[in-house]
Amino acid sequence: MNRRSFLRGASASVMASGMTPVFAQSLEKSLAPSDTVSVGVIGPGSRGQELMRKLLRTPGVGITAACDIYEPRFAEVDQLVGSAVPRYKDYRQLLERKDLDAIVVATPLYLHAEHVKAALNSGRAVYGEKSMGFTAEDSQSILQTVQQSGKIFQVGHQYRYAAWFQDAVSRARDLQIGRVTQVVAYWNRNNDWRRPVADPKDERLINWRLYKEYSGGLLTELGSHHIDLANWVFGEQPTDVMGTGSIAVYHDGREVDDNVQVVFGYSEGRRLTFTSMTSNSLVGEQIWIYGTNGSLQLTLQDATFYYEPRPVHPVSPQSEVMQHGVTTGASFRAGGEMPYRGKGTPLGSANGDDPTQLACQSFIECVREKKAPIADVHVGYRAAIAATYANRSIQSGCKETIPPAPAAG
Amino acid sequence: MGTIFSIYLYAPSEQAARTLAEAAFDEVDRVDELLSNYRPSSELSRINREAAQGPVVTDRETFSFLATSLDWSARTGGAFDITVGRLMKAWGFFRASGHVPSEAELAETGRQVGWQKVILNPQQRSVRFNVNGVELDPGGIGKGYVVDRMVDLLRAQHVSAALISAGGSTIYAIGAPPGERGWKVQVPNPEDKQRPISTVLLRDTSLSTSACSEKFFVLEGHRYCHIMDPHTLRPIENMVQTTAIHPSATASDALSSSLFVLGPEASERLLNDMPQASALLLSGHTHVEHCTSIRWNDSLDGDVCHHTAAKIPRKEAP
């Protein structure tokens, strides 16, 4: 019996009995406040290293092990940590270590489910990068594994940790900008999204984001954050999606689109529109939440409110004054159809903290205090399943219905 | 980093060159997230916000950058100082037009400036300010640090010929263009942009220039330079331009800033102990009056200070 089948067996017996896994229990130790939280990293590429940097800024955290199949990563990890970090080419060997409290999974998307589930089944808390799962089955199986294992799982939807995002979404949900019916999100860049590859044989390993076998392209790598934000604002996951995309600029052998335009449907006719292009960066990354009385612009550093210009309704002498108001043949709004060009009102809660830093600190706090994370598996599932079906829609050219999360059990 | 970075590089194809350049620009963004004092989400901004309340644990790279900065302060007797953040604000050089602070403002600012007020703990990898109000400003060293990281990245990708420029004030040359001995770089003439002071060949080394010509304000006929003397808390008065060459862009950036504050004599003493460094200093009250070259033997123009005198018309005293 190899390691993976042993773990699968352990999980299956837990499902049947409802007990805590014996294997997991043996690895979980209680942490005193003075104890160092020992973290193993599966996939210390560019994003994985960014997470390591943030974790190392959190008091009492040690990076104790790293796993990758790309040899040069290990030297980068040692440089970042400042010591020789034990290195593994097989994640199962890393998970066999007895001294790890938490695992970071920052591997390519198509590997998330395999690595996250194995890490959870080893009894550790897991920080898994977004998008949570590549396929619908991946996301469903991660959800089930979290529920069955009872382990802490935090997904990399870090916007949920930033004060200005929290405050802005709270205001939107409190109807402070009226009824919110539209979220419009942009993530535009002007680069080819490629990483340099020293040896051509490593092209797919380094530039995995560009190939459909491993990646959901712009939707999973960028758009899943915006889907999560809209899910948060609307308090639900989308029910359907229509999308399109193309390769307009970078005809370099890539398979994923270099621009996408997607509309997600929510209940009561509410919509998220996500667009992303990689050939113009004027708009950058920004999210607009549109309500009937105002708008809210969110960026990675701040939030700004814009109130709708006060409507002006002229009354003609022939108007019939009704009990509840004025009836006119037409209405007039000062400013006409010209875009508003004045200043907005900055949201006071923007304190400038880096959302990923906050997310990593919060994860460590959850590990220490055995608390449930904010960006939990349900948050991850709702965004991931929507991104998966958006890509299906782009592929099929048809509107796709997004299945709800399976009931817990 | 409020500056424009540019890269010239040789690569096997245009696409490879574009990918390499974009990777290097991504590195600028990454370091900006560490060190920008204009970006509230940067690690440096977090340290500025929190380090007066208690030790802030940071990552190894940020810690190392701060240690290097403080080391330059120690080597230069405080002429180089990244705690000048409040001082820059007091003089209106941070997101504002110039402003001459009152003596009371300066006295208050002085309590918040001083590299010894930054306490580093290598064991904890933490940073602490021992007084309230200290603000780190990486302006005198940050661009050089970014350039070094871009160089590391490009070298790791086997780039053998590239010229990287951070707004023209810090330049690094990797190798040389095919068939050349190095990259030709001109040191600007603060008084005549058409006639550079010196032209040097750079190869696997960096050149940084500090000058008042780009960032200053004039009030009642007096020109106030953005480079501050951390001891007097006032803008430097008798220096026009300093240029330093060093194999490390971080070092040349810090050096050009330091030499500007130190002046010619102290600069010569400092560079006595730095055999890898060379420098060219143009000093004077309102115009270039003196030229000092320290091991400046890379110039393609021969005796640089001799030529400098010819290139800069002498202002006759009234």
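## Where the parts of chain B meet

In this predicted model, the C-alpha centres of domain 1 of chain B and domain 2 of chain B lie 24 Å apart. Domain 1 of chain B covers residues 56-139, while domain 2 of chain B covers residues 174-311.

Let's look at how these two domains touch. On one side, domain 1 of chain B brings 19 residues into contact; on the other, domain 2 of chain B brings 16 residues. Which elements of domain 1 of chain B give two or more residues to the side that touches domain 2 of chain B? They are α3 (60-75), α4 (85-90) and α5 (103-110) of chain B. Of these, α5(B) gives the most, with 3 residues.

Chain B also meets a partner, chain A. Here the contact takes 17 residues from chain B and 20 residues from chain A. On the side of chain B that touches chain A, two or more residues each come from α1 (14-35) and α2 (43-50) of chain B. The element that gives the most to this side is α1(B), with 6 residues.

What kinds of residues make up each side? The table sets out the two sides that belong to chain B.

| Side | Nonpolar | Polar | Charged |
|---|---|---|---|
| Domain 1 of chain B, touching domain 2 of chain B | 11 residues | 7 residues | 1 residue |
| Chain B, touching chain A | 4 residues | 7 residues | 6 residues |

As you turn the structure, try finding α5(B) on the side of domain 1 of chain B that touches domain 2 of chain B, and then α1(B) on the side of chain B that touches chain A.

Technical notes:
Residues are numbered from 1 along each chain as its sequence is written. Chains are lettered from A and ligands numbered from 1 in the order in which they are written. This is a predicted model: local features need pLDDT of at least 70, side-chain atom pairs count only at pLDDT 80 or more; totals for chains, interfaces and linings use all residues. Two residues are in contact if their C-beta atoms, placed from the backbone, lie within 7 Å. Helices (H or I, at least four residues) and strands (E, at least two) are DSSP runs, numbered from the N terminus. Ala, Val, Leu, Ile, Met, Phe, Trp, Tyr, Cys and Pro count as nonpolar, Asp, Glu, Lys and Arg as charged, and the others, Gly among them, as polar. Domain bounds come from an automatic or database domain assignment.
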